[in-house]
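Thanks for asking me to look at this one. Here are my notes, in the order in which I would walk through the fold with you.

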Amino acid sequence: MTEQKTDMQVCYARYFAGAHRIEAELLAQPDGMGVRYHLSLFEESERVTCDLGTHEDAAKQLFLRVVYGGVSPCTLHDVVEDYMGTLF
């Protein structure tokens, strides 16, 4: 038996941070018997991804905070670190 890891897109958004167009996606990836969530931001050729853990509701809340806050890829890691402590 082989294990195939495929990411499933949970949420997707496009928004502007200043004059820069950002694309955001929340991905769910099988992890043993559970699921891990990852948030990716794209700006032109730059892509940044953060691991958001295993809590679906927290991952969705953080995705919305990033999108509505107009977060850019260069600040994603700092924003995720700041918000992770406020979601649990």
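The points below go from the sheet to the helices, then to the core and a few single residues.

1. A word on the source before anything else: this is a predicted model. Please read every value in these notes as computed from that predicted model.

2. Let's begin with the sheet. It is open and built from four strands, in the order β1-β2-β3-β4, with antiparallel pairing. At its edges lie β1 (8–17) and β4 (46–53), each of which pairs on one side only. From one strand to the next, the twist averages 20°.

3. How many bridges join β1 to β2? There are nine, and the two strands run antiparallel. For a handle on the register, look at Met8, which stands opposite Ala28 in β2. The two strands form a hairpin with two residues between them, and Gly18 in that turn has a positive phi of about 65°.

4. Next along is the pairing of β2 (residues 20–31) with β3 (residues 34–43), which is antiparallel and extends over nine bridges. Two positions fix the register nicely: Glu25 stands opposite Ser40 in β3, and Gln29 has Arg36 of β3 as its bridge partner. This hairpin also has two residues between its strands, and here Gly32 takes a positive phi near 65°.

5. The loop between β3 and β4 contains Glu44, and I would check its backbone by eye. Phi of Glu44 is near 50°, a positive value in a residue that is not glycine. Is Glu44 buried or exposed? Its relative accessible area is 80%, so Glu44 counts as exposed.

6. Now the helices. Helix α1 (residues 56–68) lies across β1, β2, β3 and β4, and runs at about 20° to β1. Helix α2 (residues 76–84) also packs on the sheet, where it touches β3 and β4, and its direction makes about 15° with that of β4.

7. In soluble globular proteins, nonpolar side chains tend to be buried together. In this model, the largest nonpolar core has 22 residues, and those touching the most other members are Tyr15, Leu41, Leu52, Phe63, Val66, Val71 and Leu76. Each of β1, β2, β3, β4, α1 and α2 supplies at least two residues of this core. The largest share, five residues, comes from α1.

8. Val71 is a good place to centre your view of that core. Not counting residues up to four places away in sequence, Val71 touches Tyr15, Ile22, Leu41, Val66, Leu76 and Val79.

9. Which residue of strand β3 deserves a separate look? I would pick His38, which is found in that strand. With a relative accessible area of 17%, His38 falls under the 20% limit and therefore counts as buried. Leaving aside neighbours within four places in sequence, His38 is in contact with Glu25, Leu26, Leu27 and Gln29, as well as Thr49, Cys50, Asp51 and Leu52.

10. Finally, the aromatic rings. A search of the whole structure finds zero aromatic pairs. There is, however, a charge over a ring: the charged end of Arg65 sits over the ring of Tyr83, 4.8 Å from its centre.

Definitions and conventions:
Residues numbered from 1 in each chain as written. Predicted model: local features only at pLDDT ≥ 70, side-chain atom pairs only at ≥ 80, totals over all residues. Heavy atoms only, no water. Pairing = 2+ DSSP bridges. Axes fitted to C-alpha atoms, helices over the stretch in contact; angles between N-to-C directions. Contact = heavy atoms within 4.5 Å. Phe/Tyr/Trp six-rings, centres within 6.5 Å; stacked < 30°, edge-to-face > 60°. Lys NZ or Arg CZ within 6 Å of the ring centre and 35° of its normal. Core = buried A, V, L, I, M, F, W, Y, C linked by side-chain atoms within 4.5 Å. Buried < 20%, exposed > 50% of the residue type's maximum accessible area, 1.4 Å probe, protein only.
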